[in-house]
Amino acid sequence: MNRALAFADAVDRLTRVASHVCAALMLILIALVFFNVFGRYVVGASPIWLQELEWHVMAPIALLGITILMLEKGHVRVDMVFERLPERVQHMLDLFSMLCGAVIAVLFIKYSAGFVDSAWSIREGSPDPGGLPARYVVKAMIPVGFGLFALQCLANAIRHAAALRQVEG
């Protein structure tokens, strides 16, 4: 169990790094939205590439954000019911939900692989004139984001399994 907990600690550290990346991307996104609004309403024009860059920055924020929520226990559940359950049942439910989350993440990775591969093979870019050329890079964030999500779910599952062993032992 010590090796498993060490693995969980390493995944937590990786997710914390992702949270710092997300924080930086959020600042960039705020600046992009400001310049887009300023350009549109003050200057009278906002380039297409700047609007698309917002989407390119928002995608990793959303995909990494779900993982950060799992680390911080910010995911949704019905706490009114959950808090009334015995500690052992709470850990069992959390263990089950984390394993389900990992399986769902693996399915997202599996079913997005063709989508991402297709985008990379043709070096997909924006269909709009003046748009960004590397849309395939953003699409590649799907398996990356869900891969980190799967790892974080496994790390959380390891912690709940360890806690369950302590409660039972």
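In this predicted model, Asp9 is partly exposed, its relative accessible area being 35%. The residue takes part in a salt bridge with Arg159, in which the closest N and O atoms are 2.6 Å apart. Because Asp9 belongs to helix α1 and Arg159 to helix α6 (residues 141-168), this pair ties together parts of the chain that are 150 residues apart in sequence. Arg159 is likewise assigned to the partly exposed class, at 28% relative accessibility.

Arg159 has a further acidic partner in Asp12, and the side chains of Asp12 and Arg159 meet in a salt bridge with an N to O distance of 2.6 Å. Asp12 lies in helix α1 and Arg159 in helix α6, so this contact ties together parts that are 147 residues apart in sequence. Asp12 has a relative accessible area of 7% and is therefore buried, the cut-off for this class being under 20%. Asp9, by contrast, is partly exposed at 35%.

Another salt bridge is formed by Lys139 and Glu124, whose closest N and O atoms are 2.7 Å apart. This pair links distant parts of the chain, with Lys139 in helix α5 and Glu124 in the loop between α4 and α5, 15 residues apart. Both Lys139 and Glu124 are buried. Asp9, Asp12 and Arg159, for their part, are joined into one network by salt bridges that share partners. In total, the structure holds four salt bridges, among them the pairs Asp9 with Arg159, Asp12 with Arg159 and Lys139 with Glu124. In general, side chains of opposite charge can pair when their charged atoms come close.

The arrangement of the helices was examined next. Two packed helices are described by the angle between their axes and the distance between the axes. For α1 and α2, the axes come within 8 Å and cross at roughly 150°. The pair is therefore roughly antiparallel, since angles over 145 degrees fall in that class. The crossing in which α1 passes α2 is left-handed. Helix α1 comprises residues 2-43, and α2 comprises residues 48-71.

Ala24 is situated in helix α1 and is partly exposed, with 40% relative accessibility. The C-alpha atoms of Ala24 and Ile61 are separated by 9.5 Å, the two residues being 37 residues apart along the chain.

For α4 and α6, the axes also come within 8 Å, with a crossing angle of roughly 160°. This angle makes α4 roughly antiparallel to α6. As α4 passes α6, the crossing is left-handed. Helix α4 spans residues 87-121 and contains Phe115, a partly exposed residue with a relative accessible area of 43%. Between Phe115 and Cys22, which are 93 residues apart in sequence, the C-alpha to C-alpha distance is 24 Å.

A nonpolar patch of about 830 Å² is present on the surface. Its members are Val33, Phe34, Phe35, Val37, Phe38, Tyr41, Val42 and Val43. Val33 is located in helix α1 and is classed as partly exposed because its relative accessibility is 36%.

Backbone geometry was also considered. Most residues other than glycine have a negative phi, and most peptide bonds are trans. Lys73, however, has a positive phi, near 55°. This lysine is placed in the loop between α2 (48-71) and α3 (79-82). With a relative accessibility of 57%, Lys73 is exposed, because the class begins over 50%. A positive phi is also found at Arg123, where the value is near 50°. Arg123 occupies the loop between α4 (87-121) and α5 (135-139), the loop that also holds Glu124, the salt-bridge partner of Lys139. The relative accessible area of Arg123 is 48%, and this residue is therefore partly exposed.

How values were computed:
Residues are numbered from 1 along each chain as its sequence is written. This is a predicted model: local features need pLDDT of at least 70, side-chain atom pairs count only at pLDDT 80 or more; totals for chains, interfaces and linings use all residues. Side-chain values use heavy atoms; hydrogens and water are left out. Patches are made of residues with over 30% relative accessible area and no salt bridge: like charges are joined within 9 Å, nonpolar side chains (Val, Leu, Ile, Met, Phe, Trp, Tyr) within 5 Å. Accessible areas come from the Shrake-Rupley method with a 1.4 Å probe; for residues, only the protein chains shown count as cover. Helices (H or I, at least four residues) and strands (E, at least two) are DSSP runs, numbered from the N terminus. Buried means under 20% relative accessible area, exposed over 50%, partly exposed in between (1.4 Å probe, protein chains only). Axes are lines fitted to C-alpha atoms, for helices over the stretch in contact, and angles run from 0 to 180 degrees between N-to-C directions. Angles under 35 degrees count as roughly parallel, over 145 as roughly antiparallel, 65 to 115 as roughly perpendicular and the rest as oblique. A crossing is left-handed if the near helix is turned anticlockwise from the far one by less than a right angle, and right-handed if clockwise.
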